[in-house]
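Please look through the sequence and the structure shown below before reading the notes that follow. The briefing begins with one loop residue and then takes up a metal site, two sheets, a helix and the domains.

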Amino acid sequence: MPARGFYVTTPIYYISGTPHIGHAYSSVAVDIIARTARAHGPARSLTGTDEHGQKVAQAAEAAGATPQAYVDALAPRWRELQIAYDTRFDDFIRTTEPRHARASLALFERMRANGDVYESVYEGWYCTNDETFWPESKLIDGRCPNPECRRPVEWLSERNWFFRLSAYRDRLLELFRTDPDFLRPQSRYNEMMAVLEGGLDDLSISRSSFDWGIPLPGGGVLYVWFDALINYISALGWPDDPDGRFATFWPGVHVIGKEIARFHTLIWPAMLWSAGLEPPARVFAHGWILAEGEKMSKSLGNVIEPFALAERFGADAVRYFLFREAPFGTDFSISREKLRQRLNSDLGNDLGNLLRRSLAMLDRYRDGLVPEPTAGSIAEGVSDLPARVRDHVLAMRLREGLDEIWNLVTTLNRSIDERKPWELAKAGRGDELDAVLYDLCEGLRWLSILLFPYMPSKATEMWRQLGLSGTPEVRWPDELTWGRLAAGTQTDPGLPLFPRLEPEPDETEA
Ligand SMILES: [Zn+2]
């Protein structure tokens with residue numbers, strides 16, 4: 001953990017798209033990382049919406065609205081996604097905000113002052129859907145080569161501003177070679193190295209045939225991709241930095257989908273260097289969520305709708321599933337049946353029953369009061385657990401963090417089976433009984449603190465049932481010391497954490 005602030009961002013979401021499970025995945029990942037970072041020091045998280053471009057202008061026109069009215073009507077849907085998945089961001093930026101336009105123009109001007117921006121005529125093929133220029137050689141039957149798109153392209157001839165990206169190739173190569181962690185996972189790193197080795201072309205960074213974007217002095221607007229990337233620093237108050245946020249939190253860490261790695265790891269660092277700023281500290285490009293091995297698409301009818309999913313299983317169970325099912329970074333398959341099984345087994349049987357059994361025994365044998373602390377066998381095994389979880393999560397190893405936490409769940413369940421509190425009670429071995437019961441309660445307190453970033457609402461409910469005041473959102477170095485749970489705490493058992501879910505018709509495997 002650096003002494004300075006920790007800053008982590010999602011990509012900004014394209015405003016007129018439909019929120020899908022992949023957006024929830026990016027947002028929850030960043031939320032888990034940010035909550036873990038906040039437990040150790042100053043941290044900020046950011047999400048937002050990408051609202052410019054020709055495609056938005058055309059959609060607004062088709063809807064009979066001005067572009068601004070059109071994006072204003074769509075923005076709330078993206079905030080609802082954050083509510084549905086219980087993600088808490090320090091800031092939500094929209095690229096149509098004045099603070100973003102100011103920063104974007106300032107960056108452009110600095111790059112121009114440094115001689116990296118020049119005017120030229122762009123002639124070539126453009127796909128409006130992808131807001132991308134394509135060389136003639138890449139077109140497939142005269143259409144956009146993106147396999148997800150394949151729409152007709154249009155011939156453009158515009159006088160535009162260009163960024164001398166080609167001049168930054170050597171510096172990018174050096175960044176990639178000296179800091180192999182700059183882009184993770186390894187597969188994405190290899191991909192971008194191959195692009196770099198092949199050389200970089202200069203990039204058109206403005207458009208002049210339509211006006212839905214950040215207007216440039218002298219005409220035209222910034223290319224939507226160029227302005228979108230700047231959101232990460234405009235949200236920190238750059239360039240004026242009135243609150244010192246930029247100075248404290250930049251450079252940050254970007255979590256993105258793998259399809260936009262090129263923009264974030266080749267173009268964005270070069271833009272920042274050109275303006276005299278530091279590149280991001282790290283970029284993590286995660287994989288895609290598939291439906292039974294296939295990419296989700298409307299035409300296949302296999303789209304898993306994120307709002308319905310959170311409603312059916314609860315936000316916390318879905319959050320858990322997304323990061324338990326596969327290593328963060330790889331593609332993986334999701335299905336309602338798999339989710340239901342994990343909810344019933346990992347969450348219901350392992351975790352929920354641990355809480356229920358522990359509090360029931362405490363109720364039966366000690367009237368629900370936590371006994372005196374003891375230095376039991378469990379204390380020795382867990383002292384470096386919080387540091388291990390923290391290191392995994394801040395290095396984006398989100399499944400490994402969860403695996404570590406689950407070792408404590410397993411240890412506590414095993415201690416019930418091995419130490420058999422009911423036999424200790426029958427035999428009148430009160431000290432030993434107290435020791436087991438204390439270990440269980442203290443272990444559960446640890447679990448609620450460690451699980452809070454992954455499952456904020458269930459962790460808070462555990463905390464409440466343990467009879468603790470406040471929430472498990474606490475500083476780990478202060479609170480994760482074995483024995484802090486006070487004797488005499490009156491526990492308050494409640495409803496099961498994860499009630500068993502019976503399958504619905506579409507959740508039964510054929
Ligand atoms: Zn396209």
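**A loop residue and its neighbours**

Leaving aside residues up to four places away in sequence, D241 touches L236, F246 and A247. The model in which this contact is seen is a predicted one. D241 itself belongs to the loop that runs between helix α8 (231–234) and helix α9 (245–249).

- Is D241 buried or exposed? With a relative accessible area of 17%, D241 counts as buried, because the cut-off for that word is under 20%.
- D241 and I267 are 26 residues apart along the chain, and their C-alpha atoms are separated by 23 Å.

**The zinc site**

- Which residues coordinate the zinc ion? The ion is held at 2.2 to 2.3 Å by the SG atoms of C127, C144 and C149, together with the OD atom of D130.
- The site of the zinc ion is tetrahedral, with angles of 92 to 115° among its 4 donor atoms.
- Read along the sequence, the donor residues follow the spacing C-x2-D-x13-C-x4-C.
- C127 lies in strand β5 (residues 117–127), whereas C149 lies in the loop between β6 (132–134) and β7 (154–163), so the pair ties together parts that are 22 residues apart in sequence.
- C127 is buried, with a relative accessible area of 1%, and C149 is buried as well, with a relative accessible area of 11%.

**The sheet that includes β5**

- Strand β5, which carries the zinc donor C127, belongs to an open sheet of 4 strands, whose order is β6-β5-β7-β9 and whose pairing is antiparallel.
- At the edges of this sheet are β6 and β9 (203–204), each of which pairs on one side only.
- Strands β7 and β9 are paired in the antiparallel sense over 2 bridges, and F163 has L203 in β9 as its bridge partner.
- As background, the strands of a sheet pair through backbone hydrogen bonds, and they may do so in either a parallel or an antiparallel way.

**A sheet of mixed pairing and the helix on it**

- Another open sheet is formed by 3 strands in the order β15-β14-β16, and here the pairing is mixed.
- Its edge strands are β15 (294–295) and β16 (332–334), and each of these pairs on one side only.
- Strand β14 (residues 289–291) runs parallel to β16 and is joined to β16 by 3 bridges, with F332 in β16 serving as the bridge partner of I289.
- Helix α12 (residues 315–324) packs on this sheet and touches both β14 and β16, and the direction of α12 makes about 150° with that of β16.

**A mostly covered helix**

- How many of the 8 residues of helix α11 (residues 306–313) are buried? In this helix 6 of the 8 are buried, and α11 is therefore described as mostly covered, given that buried means under 20% relative accessible area.
- The buried residues in α11 are P306, F307, L309, A310, R312 and F313.
- What covers these buried residues includes α1 (21–38), α3 (67–84) and α13 (336–366), as well as helix α12 and strand β16.

**The two domains**

- The chain is divided into domain 1, covering residues 6–286, and domain 2, covering residues 336–479.
- The C-alpha centres of domain 1 and domain 2 lie 42 Å apart, and the contact takes 17 residues from domain 1 and 16 residues from domain 2.

Conventions
Residues numbered from 1 in each chain as written. Predicted model: local features only at pLDDT ≥ 70, side-chain atom pairs only at ≥ 80, totals over all residues. Heavy atoms only, no water. Donors = N, O, S within 2.8 Å, 3.2 Å for Na, K, Ca; no water. Tetrahedral: all angles 85-135°; square planar, octahedral: opposite > 155°, others 65-115°. Buried < 20%, exposed > 50% of the residue type's maximum accessible area, 1.4 Å probe, protein only. Pairing = 2+ DSSP bridges. Contact = heavy atoms within 4.5 Å. Axes fitted to C-alpha atoms, helices over the stretch in contact; angles between N-to-C directions. Domains from an automatic or database assignment.
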